[in-house]
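Biologist: I am new to this structure. Could we look at it together, beginning with the ligand?

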Amino acid sequence: MAEDLNVIQGTKEEQYESLLPQIKGLVSDEVDLIANLANVSAALKQQFNWFWVGFYLVKNEELVVGPFQGPIACTRIQKGRGVCGRSWELKKTLIVDDVNAFSGHIACNSLSQSEIVIPVIRDKKVVMVLDVDSEHLASFDQVDQKYLTQITELLPL
Ligand code: SME
């Protein structure tokens with residue numbers, strides 16, 4: 001599998017609805033985790049052109065940056081720290097409309113203004129988080145939460 005991604009115009013829902021089956025196709029025939037995370041990051045970046053999108057993997061009780069698209073990012077994040085570390089600790093999706101108002105936010109890049117972090121949970125444990133950053137305030141909502149969660153559920157882990 002290595003076809004062109006079909007990037008569409010439309011509402012946020014329409015964009016996700018177009019992307020979901022394509023991501024399903026991308027990851028369903030591939031068992032390598034890094035390959036899948038890399039392609040999912042790239043597909044999300046191509047469709048939405050977010051500032052930063054990618055994965056932090058839980059390794060030895062730390063989050064370590066994994067495949068992503070965007071500027072270089074913090075390499076390691078401790079549990080409970082920043083939006084990613086809090087999402088991991090709470091096992092909950094966090095939507096932050098203004099990262100500058102989030103106590104403890106880790107500013108990997110000062111251009112980032114809002115953020116959503118989805119924990120990926122298997123056997124009741126967080127194994128990684130999907131982190132998306134925007135240069136605009138309040139870019140993310142329940143629609144993003146719904147579809148990004150579905151995308152993480154497609155990952156064969
Ligand atoms: N801002 C994140 C850190 C990761 S970067 O934005 C890519 C946080 O507070 O967890």
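Biologist: Which residues come nearest to the ligand?

Modeller: This is a predicted model. In it, 13 residues surround the ligand, and Val83, Cys84, Ile106, Glu115 and Asp133 come nearest.

Biologist: What lies 2.8 Å from an oxygen atom of the ligand?

Modeller: That is a backbone N or O atom of Cys84. Two side chains also approach nitrogen atoms of the ligand: a polar atom of His105 lies 3.2 Å from a ligand nitrogen, and an N or O atom of the Glu115 side chain is 3.2 Å from a ligand nitrogen.

Biologist: How much of the ligand's accessible area does the protein cover?

Modeller: On its own the ligand has 300 Å² of accessible area, and the protein covers 98% of this. The space that the ligand takes is the largest cavity.

Biologist: Which elements give two or more residues to the shell around the ligand?

Modeller: They are strand S1 (52–59), helix H3 (82–90) and strand S6 (125–134). H3 provides the largest share, with three residues.

Biologist: And how do the shell residues divide into nonpolar, polar and charged?

Modeller: Eight are nonpolar, two are polar and three are charged.

Biologist: Changing topic, how many aromatic pairs are there in the whole structure?

Modeller: A search finds six. One of them is the stacked pair of Tyr16 and Tyr147, with 4.9 Å centre to centre and 5° between the planes.

Biologist: Which parts does that pair tie together?

Modeller: Tyr16 lies in helix H1 (residues 12–28) and Tyr147 in helix H4 (residues 142–154), so the pair links parts that are 131 residues apart in sequence.

Definitions and conventions. Residues numbered from 1 in each chain as written. Predicted model: local features only at pLDDT ≥ 70, side-chain atom pairs only at ≥ 80, totals over all residues. Heavy atoms only, no water. Near = heavy atom within 4 Å. Polar contact = N/O pair within 3.5 Å; in protein donor to acceptor, adjacent residues only side chain to side chain. Areas by Shrake-Rupley, 256 points an atom, 1.4 Å probe, with all protein chains shown as cover. 1 Å grid on protein atoms, 1.4 Å probe; cavity = no way out; pocket = protein on both sides within 12 Å on 5 of 7 lines; lining within 4 Å. Sits in = over half its atoms within 2 Å of the grid points. Helix = DSSP H or I, 4+ residues; strand = E, 2+ residues; numbered from the N terminus. Nonpolar A, V, L, I, M, F, W, Y, C, P; charged D, E, K, R; others polar. Phe/Tyr/Trp six-rings, centres within 6.5 Å; stacked < 30°, edge-to-face > 60°.
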